[in-house]
Structures are given as structure tokens and as C-alpha cells.
Amino acid sequence: MSVLPEVRDQSDSYSLLNLIQGAVITQAISVVAKLGIADVLADGPLSVEDIANRVGSDPRATHRILRVLSGHGVFAVRADGRFEHTPLSEKLREDVPDSMRGFALLMNHPMLWEEWGHLFTTVETGEPNLPKLRGMGALDFFHSTPEYAGVFFRAFGELSASETDPILAAYDFSQFNTVVDVIAGRGNLLAGILKQAPDVKGVLYDSEVATVDSPALFEAAGVADRLTIEHGGYLDKLPSGGDAYLFKHIIHDFSEADAVTALRNAREAIGPDGKLLVIEYVLPENNEKHLGHTIDLWLMLMLGAQERTLTQYTELFAKVGFKLIRAVSTSAPISIIEAIPA
């Protein structure tokens, strides 16, 4: 009589294996995004043959990649074998609000994969590796590689744009007279604020290059008559006279020293009754799952910068004469951190 071997519980091993293979799923999503499969399914279900014919791919290979993604809720297969959209795959379309197609394309870029291949060195040394790998800082590197820069900034631009409506829904900007949006790029959020609060004036502050398309954006939003554009750099003195100074996804890009400089500039410019509004991922004090934790690794790898907990923001603000009042959660993974002059 044979003795059957004891069956071990291997569920933890296979759960870990699924996480380890996450890079495979990332690549698969990136490939279908590059092919434009989500766009050709916009009008309804299609067979694999029709999909492949429309996007110029191999039918058998297309079936295999869609089969994998369907198991993760990205696309679904009908009983007749045709593939159709799910809520997740809809966000890979080019033409939908809050599209993540740009981010999917970024995650397939060979330069990005090369950078993440050096994460070990950053963890080992505690220093950002992009300057070592590229021989220059991140901004200089982006200027030298316009194709990659276009893919990179489009991806993070899409992510930032998806946060505008949650911010406007969570916070009342009508309490202010003048909102100064610091390093605001084209100014999408400020345009939304001025539309939400018709009595508020706005100051868009960034470099001349970053704001070249801003007048047309604010004209289209119907708020150009309440906008002033002023030019300057990241660590320059800020326009005075505002009663709200807004930093969205800016402070997390800075070293501790540069963050102190930028916030001190805001402290010098702000009126006694003004408010500092820092919009960032606020890391939970424990290690629960949060998008900010993964973005924090990007910052560590590329810039030597970091995301922060609310306690860390409290300490940072205190260094420059601000008192943290509250953090307003939004339906996105970001929060509006509100502080006043101490």
C-alpha cells in the first residue's frame, strides 16, 4: 500500500508568485494600449480575428494576451468567444475621461525599464540612480530626450488631470480672493478653481515655457479675465498678495532643503490670513496599501525625493512658520493639506 505524500499548503507561495509576475501583466496592458485594442472595441464586442485585423496584430497572439488580461478584469470574453470592454479596459481608450492609456504606454518604454532595473543600487546606497545612469539630473535628461519626455509627462499629466474633479468636489475655493498656483504648468486645476468660484482671481506661476499654452486654456474655460500669469522658477520668490498658495505635486519632488526653501518663499509672500494648500499623496502612518507608497519609490529612484505622512508634513511646515490645520481627503488617492501662518 503506497503512502501518499503530505500535501503542503502552497497558497502563500502562489500568491507571492502572482505578485512577482506583476511585471508580465504590466507589459501585457502596455502592449494592448500601444495596439489601440481598447479603441477598436469602443463600439461593441469583436472576435479576435476582427480585433487583430483592425490593429494589425497576429490573431493567435492577440487571443493569448487578451485571455491573460481578461483573467484580471481587463477586457472580458463573451460566450461566443468575442471580447468586450470592462470598466477597467475602458480606461485604456484614448478618448475617455480619466484615461490611463498614457501611463500604460510609459510603463512599456525601454528607458523606463532601464531605470527601474537600477532600483537595487538606490536601495543599497540610499541615493537616486537616474543622475548616475544618465550622467545628468532628471530635468536635464528630459530636455535631452524629448520623445521619452513626451511619453513621461503625458502619462503623469493624465494622472494629474484625473485628480481635478475630486479636488474641486472636496474643497471650497470660493473662500479666497486670489489663489496663487505655484509651478502650475498649463493651469488645468486653476482653471477649474476659477470656474467653480466665479468671484476668485487666479495667479498662474511657472516658467515661460510651461505656460505658453495657458492663455488659450483659460480663454476656453471662460475665466481668462480673472487670470494673471507670472513667470519664475521653482525656488524663486513668489508673487505676493494671494490669500491661498497652492502647491500640487510639487513639494514631493523636492529634497528636504529645497522643500523648505519653496515653502519659506510661500510664507514670505502670503498674507497673515492666508492659507497654504499642499496637494499630495499623504502616506498612511501604517503600511497599508496606498498608491503614494509606489509613487514614493519613483521619487526615490529618480530624484532622491519622497512622499510624506501627515506627521512629516506637520514637522516640515513648522520649520518655515506654517501650522498644519487639517488634511482633506478626496475621492482620488490625494489629499489637500491645509496650513496657516503660525
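Buried means under 20% relative accessible area, exposed means over 50%, and partly exposed lies in between. The exercises below use these cut-offs on a predicted model.

**Exercise 1. Classify Arg326 and its salt-bridge partner as buried, partly exposed or exposed.**

Solution.
- Step 1. Arg326 has a relative accessibility of 40%. This value falls between the limits of 20% and 50%, so Arg326 counts as partly exposed.
- Step 2. The partner is Glu338, whose side chain meets that of Arg326 in a salt bridge with an N to O distance of 3.0 Å.
- Step 3. Glu338 belongs to strand β11 (residues 335-341) and Arg326 to strand β10 (residues 322-329), so the bridge ties together parts 12 residues apart in sequence.
- Step 4. Glu338 has a relative accessibility of 4% and therefore counts as buried.

**Exercise 2. Find which helices are linked by the salt bridge between Glu256 and Lys319, and classify both residues.**

Solution.
- Step 1. The side chains of Glu256 and Lys319 form a salt bridge at 3.1 Å, N to O.
- Step 2. Glu256 is in helix α16 and Lys319 is in helix α18 (residues 310-319); the two residues are 63 residues apart, and the pair links distant parts of the chain.
- Step 3. Glu256 is partly exposed at 32% relative accessibility.
- Step 4. Lys319 is partly exposed as well, at 47%.

**Exercise 3. Describe the salt-bridge network that contains Glu94, and compare the class of Glu94 with that of Arg101.**

Solution.
- Step 1. Side chains of opposite charge can pair when their charged atoms come close.
- Step 2. In the pair Glu94 and Arg101, the closest N and O atoms are 2.7 Å apart, and the two residues form a salt bridge.
- Step 3. The network links Glu94, Arg101, Arg154 and Glu158.
- Step 4. Glu94 has a relative accessible area of 44% and is partly exposed, whereas Arg101, at 11%, counts as buried.
- Step 5. For context, a search of the whole structure finds 16 salt bridges.

**Exercise 4. Decide whether α2 and α5 are roughly parallel or oblique, then do the same for α14 and α15.**

Solution.
- Step 1. Two packed helices are described by the angle between their axes and the distance between the axes.
- Step 2. The axes of helix α2 (residues 22-35) and helix α5 (residues 59-70) come within 10 Å and cross at roughly 120 degrees.
- Step 3. Angles under 35 degrees count as roughly parallel, over 145 as roughly antiparallel, and 65 to 115 as roughly perpendicular, with the rest oblique. Helices α2 and α5 are therefore oblique to each other.
- Step 4. The crossing in which α2 passes α5 is left-handed.
- Step 5. For helix α14 (residues 188-196) and helix α15 (residues 214-221), the axes come within 10 Å and the angle is roughly 25 degrees. These two helices are therefore roughly parallel.
- Step 6. The crossing of α14 and α15 is right-handed.

**Exercise 5. Locate Phe75 and Ile183, give their phi values, and state whether each is buried or exposed.**

Solution.
- Step 1. Phe75 lies in the loop between α5 and β1 (76-77). Its phi is near 75 degrees, a positive value in a residue other than glycine.
- Step 2. Phe75 has a relative accessible area of 1% and is buried.
- Step 3. Ile183 lies in the loop between β3 (178-182) and α14. The phi of Ile183 is near 50 degrees, a positive value in a residue other than glycine.
- Step 4. Ile183 is buried, with a relative accessible area of 9%.

**Exercise 6. Name the residues of the nonpolar surface patch that includes Ile20, and place Ile20 in the chain.**

Solution.
- Step 1. The patch is formed by Tyr14, Leu16, Leu17, Leu19 and Ile20, which together have about 550 Å² of accessible area.
- Step 2. Ile20 is in helix α1 (residues 11-20).
- Step 3. With a relative accessible area of 59%, Ile20 is exposed.

**Exercise 7. Set the separation of Gly271 and Val31 beside the span of the chain.**

Solution.
- Step 1. Gly271 lies in the loop between α16 (256-269) and β7 (275-280), and is partly exposed at 23% relative accessible area.
- Step 2. Gly271 and Val31 are 240 residues apart in sequence and 51 Å apart in space, C-alpha to C-alpha.
- Step 3. The C-alpha trace spans about 85 × 50 × 40 Å along its principal axes.
- Step 4. The chain has 18 helices and 11 strands, and buried residues make up 45% of its 342 residues.

Terms used:
Residues are numbered from 1 along each chain as its sequence is written. This is a predicted model: local features need pLDDT of at least 70, side-chain atom pairs count only at pLDDT 80 or more; totals for chains, interfaces and linings use all residues. Side-chain values use heavy atoms; hydrogens and water are left out. Patches are made of residues with over 30% relative accessible area and no salt bridge: like charges are joined within 9 Å, nonpolar side chains (Val, Leu, Ile, Met, Phe, Trp, Tyr) within 5 Å. Accessible areas come from the Shrake-Rupley method with a 1.4 Å probe; for residues, only the protein chains shown count as cover. A salt bridge is a side-chain nitrogen of Lys or Arg within 4 Å of a carboxyl oxygen of Asp or Glu. Helices (H or I, at least four residues) and strands (E, at least two) are DSSP runs, numbered from the N terminus. Buried means under 20% relative accessible area, exposed over 50%, partly exposed in between (1.4 Å probe, protein chains only). Axes are lines fitted to C-alpha atoms, for helices over the stretch in contact, and angles run from 0 to 180 degrees between N-to-C directions. A crossing is left-handed if the near helix is turned anticlockwise from the far one by less than a right angle, and right-handed if clockwise.
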